Amino acid sequence: MPTAGRLRFWGQGRLPVPYVTRWTGEAVATDGALGLRPDGRGIGYRGENAEDRDRHGVLWARVREQPGSGRPDFRTMHPARQRRAMWERLCQVCGLPADRNTKGWLFALRRPEAAEAVPGWPEGLLCTKPPVCVPCARLAARHCPHLDLPVYVRVRKPRVWGVFGGAFDARLVPGPDGYLPYGHPAAPFFLANQVALELTRCTPVAAP
Ligand SMILES: [Zn+2]
């Protein structure tokens, strides 16, 4: 295999399982600790630790980290690994540094539907999928059904824009999931599970 790092393989078909993929054994680990902060001005965990909030102070979903337990759920990303990959620009598949050249970081994006394919796409796109390295871009194109015929893009300025997750109201009733930019006044009541990057200075490129 051309790839190494934190890539795992699963099942008799030795299916490659990306670093960011969540496994069914990685359960939500809130254990009833989520509640209103004592001052009522946001949500928090009893016994919070440094990993529970990101560098902007937004609270994150607690999900046990145990890659390899149960089965891989290819449609879901593990919050902590996705966050790590986004902030550190790690390849979403192998977990090693993603590829970067003079045109920028390499991303493999789902081909846009007709309605999304506006002129200039994907400039300004909010993206929750971390970048990739070259060997994994080739591997993913062969194995990831949701990526069929991905569009490869170099991104010079992938800006950490905000988070994806859900907001709670003051009675701790969760609302629908959505994006929230960092610095938004609703942030204290928001529970994040993915980092969103804004892709700017994009150049579509051929498959690597
Ligand atoms: Zn890789």
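Cysteine 136 counts as buried in this predicted model, because its relative accessibility is 0%, below the 20% limit for a buried residue. Cysteine 91 is likewise buried, with a relative accessible area of 0%.

Both cysteines belong to the zinc site, where the ion is coordinated at 2.3 Å by the SG atoms of Cys91, Cys94, Cys133 and Cys136. The angles that these four donor atoms subtend around the zinc ion run from 100 to 115°, and the arrangement is therefore tetrahedral. Along the chain the donors follow the spacing C-x2-C-x38-C-x2-C. Cysteine 91 and cysteine 136, 45 residues apart, link distant parts of the chain: cysteine 91 sits in the loop between helix 1 (79-88) and strand 8 (100-101), while cysteine 136 lies in helix 2 (residues 134-143).

From the metal site we turn to the nonpolar cores. In soluble globular proteins, nonpolar side chains tend to be buried together. The largest nonpolar core here has 23 residues, and the members that touch the most others are Phe107, Leu109, Val163 and Leu199. At least two residues of this core come from each of strand 9 (104-109), strand 11 (151-168) and strand 13 (190-205), with strand 13 giving the most, namely six residues.

Phenylalanine 107 shows how such a core member is surrounded: leaving aside neighbours within four places in sequence, its contacts include Val151, Val153, Val155, Leu197 and Leu199, and also Cys127, Lys129, Pro130 and Val132. Val132 in turn is a member of a second, separate core of 13 residues, which also includes Leu7, Ala108 and Leu139.

Conventions
Residues are numbered from 1 along each chain as its sequence is written. This is a predicted model: local features need pLDDT of at least 70, side-chain atom pairs count only at pLDDT 80 or more; totals for chains, interfaces and linings use all residues. Side-chain values use heavy atoms; hydrogens and water are left out. Donors are N, O and S atoms within 2.8 Å of the metal (3.2 Å for Na, K and Ca); water is not among the atoms, so sites may look incomplete. Four donors count as tetrahedral if all angles lie between 85 and 135 degrees; four count as square planar and six as octahedral if opposite donors are over 155 degrees apart and all others between 65 and 115; anything else is irregular. Helices (H or I, at least four residues) and strands (E, at least two) are DSSP runs, numbered from the N terminus. Buried means under 20% relative accessible area, exposed over 50%, partly exposed in between (1.4 Å probe, protein chains only). A nonpolar core is a set of buried Ala, Val, Leu, Ile, Met, Phe, Trp, Tyr and Cys residues joined through side-chain atoms within 4.5 Å. Contact means heavy atoms within 4.5 Å.
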